[in-house]
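Notebook open, coffee ready. I want to go through this protein one feature at a time and jot down what I find.

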Amino acid sequence: MDEIKRDYVFHRDLTKKYPMITHGEGSYLIDEQGKKYLDGCSGAVAANLGHGITQIAEAMAEQAKKAAFVHTLRFETNVLHKLAEKIGNMAPLHLNKVYFTSGGSEANESALKLARQYHRDAGKMQKHIVIGRWQSYHGNTIGALSAGGDVKRRYPYTPNLLHFAHVYSPYCHRCPYNRNQEDCVANQNWSCITDIERTILELGPENISALIAEPIVGSQQGAVVPPLDYFKKVRELCSRYDILLIVDEVMTGFGRTGTNFAVEQFGIEPDILTFGKGVSAGYAPLGGMIVHDRLIQGLLENSSGKFLHGYTYSGHPVSIAAGLAALDMYEEMNILQNVETQGAYLMECLVALQRKHPYISDIRGRGLLIGLELMKDANQQIFFEPREAASEKLNEICMELGGVFYPGSGSIDGHKGEHIIISPPLNIAKSEVDEIVRLLDHAFSIFHQHIRKDESYESAK
Ligand SMILES: Cc1ncc(COP(=O)(O)O)c(C=O)c1O
């Protein structure tokens, strides 16, 4: 009881003590003891320009002084137009209207509802089921969680979830369909694609409103990139069966993978593209969706131009000002070039590190979104047991050493499969990449000692 009274914060883990951060400088966070943490994951792949940027802080303060809040049901602001135009111009050709939310989960909720309303108002009353993919993440609100395939996060809420369908994504390195990538490509017979079509036909296309997918799977699989033609095939199926394709770029958007949006690399246009995190470089809660002209036309023709949805903080002027300042800075800094250069360099260093530390069983990703898969023994194909929490343990060691990454588990079947994501700020310097690699090298050596200690403890039992 005393403990409860001493700390009024409802922490994510009530049993844990968190370092108290007092401020940030560039790629570092600094705690009250003066200890520095190299932010090797941009917080949650959000603080994409690092910390302490006065240009963004000042833009937010300026806007707060002018008009901190207006309700988008009745008013609009200049910054709202400027940011929407900027994002519309970055997006694929026919995606032009931008709807704002306070983050990624709300963005995906909005997309799921828009898909339903669009079909319903066009007279397709039955269309309501969403197809998601296992080992993917779209947010923690009930709709987004139902669409996602994060087994551990879904499990406690199973009775509350919506009846959506799920297929497997193309995780070719450990294909859930037990196929071989070269074979799939050579024979143009992809199980991950035929499974989508089978699911559509089993449920009936007249019942399905949308399919949602991350272009590169983030937190759940640790930066797994699909084969080049995968999304072309998904797009083709969605168009054939009148199903909207929602691409979730909450983690990958705004340069993280080397292009403004990752979907550009796969040569398709989704019907809705959702975003969050990097849009404001983490300086304010912001997210949203960019919507295809065809859907907007549909709303104008069939719904009197009204989308029956909205949040108090949609289009919040201070968050929008943060977004505008962040996108200006990405442009001024020519961030895509830095992502390409430092991403390639980081990848090269990690490949060298793998030779030294065989716990790294796979390295994947694009740009500055890189995943390391961890195995107990890659040669003998021995996985870490989920109870060993290997990726968490590795990250705790990194934090002791003054760095932080994004650990994850369950990449293979929701339980098995450990990984960490390395996703530093997009303006990272080469010397800081070197520091990340040195830190990981040191951390893996300590990690090795822990594993050996655990093994000798187990064998002595
Ligand atoms: C791909 C993806 N979609 C959606 C979300 C949810 O975003 P938020 O936490 O801002 O609600 C996340 C968050 O990690 C994400 O990575």
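**Entry 1: pockets.** Before looking, I noted what I'm counting: a pocket is an open set of grid points with protein on both sides within 12 Å along at least five of seven lines. I also reminded myself that this is a predicted model. I looked up the second largest pocket, and its volume is about 930 Å³. Its lining takes in 27 residues, and the ones closest to the centre are Thr-72, Val-98, Tyr-99, Phe-100 and Phe-307.

Which element gives the most to this lining? I found that β4 does, with 5 residues. The elements that each supply at least two residues are α4 (78-90), β4 (95-101), β10 (287-292) and α11 (293-302). Sorting the lining by type gave me 15 nonpolar, 9 polar and 3 charged residues.

**Entry 2: cavities.** Next I went for the closed spaces. Rolling a probe the size of a water molecule over the atoms shows where empty space is left. I got 3 cavities of 30 Å³ or more. The largest cavity holds about 130 Å³ of space. I listed 16 residues around the largest cavity, and nearest its centre are Pro-170, Cys-172, Cys-175, Cys-184 and Cys-192. Two elements turn up with two or more lining residues, α8 (181-187) and α9 (191-203). Of the elements, α8 gives the most, with 3 residues. By type, the lining of the largest cavity splits into 11 nonpolar, 4 polar and 1 charged.

**Entry 3: the seven-stranded sheet.** I traced an open sheet of 7 strands, and the order reads β4-β10-β9-β8-β7-β5-β6, with mixed pairing. So β4, from my pocket entry, is here too. Why is one side of β4 and of β6 left without a neighbour? Both β4 and β6 (165-167) stand at the edges with a single partner strand each, so one side of each has no neighbour in the sheet. I get an average twist of 20° from one strand to the next.

Then I zoomed in on one pair: β5 (residues 129-133) and β7 (residues 208-213) run parallel and are joined by 3 bridges. Here Ile-129 faces Ile-208 of β7. I also checked which helices pack on this sheet. Helix α9 touches β5, β6 and β7, and its direction makes about 160° with that of β6. Helix α11 touches β4, β8 (244-248), β9 and β10, at about 85° to the direction of β10.

**Entry 4: the four-stranded sheet.** There's another open sheet, with 4 strands in the order β11-β12-β15-β14 and antiparallel pairing. Its edges are β11 (360-366) and β14 (406-409), each with a single partner strand, so each has one side without a neighbour in the sheet. Ignoring direction, neighbouring strands are turned by 20° against each other on average.

I picked β12 (residues 369-374) and β15 (residues 418-422) for a closer look: they run antiparallel, with 5 bridges between them. In this pair, Glu-373 sits opposite His-419. Two helices go on my list here. Helix α13 (residues 335-356) lies across β11, β12 and β15, at about 175° to β11. Helix α14 (residues 390-401) lies across β12, β14 and β15, at about 40° to β15.

**Entry 5: confidence.** Last, I checked how sure the predictor is. The mean pLDDT of the protein is 96, and 98% of the residues reach 70 or more. Where is confidence lowest, and where is it highest? I found the lowest in helix α1 (residues 2-6), at a mean of 70, and the highest in strand β9 (residues 272-275), at 99.

Technical notes:
Residues are numbered from 1 along each chain as its sequence is written. This is a predicted model: local features need pLDDT of at least 70, side-chain atom pairs count only at pLDDT 80 or more; totals for chains, interfaces and linings use all residues. Side-chain values use heavy atoms; hydrogens and water are left out. On a 1 Å grid over the protein atoms alone, a cavity is a set of points where a 1.4 Å probe fits but cannot get out, and a pocket is an open set with protein on both sides within 12 Å along at least five of seven lines; lining residues have an atom within 4 Å of a point. Grid points are joined across faces, edges and corners, and a volume is the space filled by probe spheres set on the points. Ala, Val, Leu, Ile, Met, Phe, Trp, Tyr, Cys and Pro count as nonpolar, Asp, Glu, Lys and Arg as charged, and the others, Gly among them, as polar. pLDDT is the predictor's confidence in each residue, from 0 to 100. Two strands pair if DSSP finds at least two bridges between them. Axes are lines fitted to C-alpha atoms, for helices over the stretch in contact, and angles run from 0 to 180 degrees between N-to-C directions. Contact means heavy atoms within 4.5 Å.
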